[in-house]
Amino acid sequence: MSRIGRLPISIPSAVTVSVDGNEVAVKGPKGELTLAVASPIEVKVEEGQVLVTRPDDERESRSLHGLTRTLINNNIIGVTEGYSKGLEVVGTGYRVQQKGGSIEFALGFSHPVLVDPPAGITFTVEGTNKVTVAGIDKQAVGEAAANIRKIKKPEPYKGKGIRYAGEIVRRKAGKAGK
């Protein structure tokens, strides 16, 4: 048995979970998320808990068991608390500012870079070098943050670029003089 998959998921009081065939819908105070469950895995709601079971010990069933349980748990956390990811802009002259719902970066390019938020994602800017990406879908928040970081990754010589909050950039030594 999967150690993660066999654990029941407790449902908070403000959240409702409904199972319709292979669709699991989670509704809470921050919004609603749905998840399509892969075919061999079964999901049941009993006594304020969500139980994820698998019919056999085939390789595919074992691999999907823990994954499905974790995805449902992530949806429950998302509709109650939400997810956020912090980004830092590091470099002389590098800055970010809010333009309505979008954000605009000055990253040393010949033009400013404007980033629009995907559906269900909000951007907030603190100061001129911190951005917070927030939303209820964990995967969408991580993907939006990764796409922003991809604009100008931190380079290894001076560490300039966009990095995750708390990310440590391995630095390289420059050219050695004679």
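The residues lining the largest pocket of this predicted model divide into three nonpolar, four polar and two charged. In this division, Ala, Val, Leu, Ile, Met, Phe, Trp, Tyr, Cys and Pro count as nonpolar, Asp, Glu, Lys and Arg as charged, and the others, Gly among them, as polar. The lining consists of L33, T34, L35, L71, N74, N75, D137, K138 and Q139. Strand β4 (31-36) and the helices α1 and α2 (138-151) are the elements that each give two or more residues to it. About 150 Å³ of space lies in this pocket. A pocket here is an open set of points on a 1 Å grid over the protein atoms alone, where a 1.4 Å probe fits and protein lies on both sides within 12 Å along at least five of seven lines; lining residues have an atom within 4 Å of a point. Grid points are joined across faces, edges and corners, and the volume is the space filled by probe spheres set on them.

As the model is predicted, local features need pLDDT of at least 70 and side-chain atom pairs count only at pLDDT 80 or more, whereas totals for chains, interfaces and linings use all residues. Residues are numbered from 1 along each chain as its sequence is written, and side-chain values use heavy atoms, with hydrogens and water left out.

Turning to the overall form, the protein has two helices and 13 strands, taken as DSSP runs numbered from the N terminus (helices H or I, at least four residues; strands E, at least two). The radius of gyration is 21 Å, while a compact globule of 178 residues would have a value near 16 Å; the radius is taken over C-alpha atoms, and the globule rule is 2.2 Å times the number of residues to the power 0.38. Along its principal axes, the C-alpha trace spans about 70 × 45 × 25 Å.

One open sheet holds three strands in the order β1-β6-β5, with antiparallel pairing; strands pair if DSSP finds at least two bridges between them. Its edge strands, β1 (9-10) and β5 (42-46), each pair on one side only. Helix α1 (residues 59-80) packs on this sheet and touches β1, β5 and β6, its direction making about 160° with that of β6. Contact means heavy atoms within 4.5 Å; axes are lines fitted to C-alpha atoms, for helices over the stretch in contact, and angles run from 0 to 180 degrees between N-to-C directions. Two bridges join β1 to β6 (residues 49-53), and V50 is the partner of I9. Five bridges link β5 and β6, where K44 is matched with L51. These two strands form a hairpin with two residues between them, and E47 in the turn has a positive phi of about 50°.

A further open sheet, also antiparallel, runs in the order β8-β9-β10. Strands β8 (95-99) and β10 (113-115) stand at its edges with a single partner strand each, so one side of each is left without a neighbour in the sheet. Ignoring direction, neighbouring strands are turned by 25° against each other on average. Five bridges join β8 to β9 (residues 102-106), with R95 opposite A106.

Strands β2 (residues 16-20) and β3 (residues 23-28) likewise pair in the antiparallel sense over five bridges, and S18 stands opposite A25. In their hairpin, with two residues between the strands, G21 takes a positive phi near 70°.
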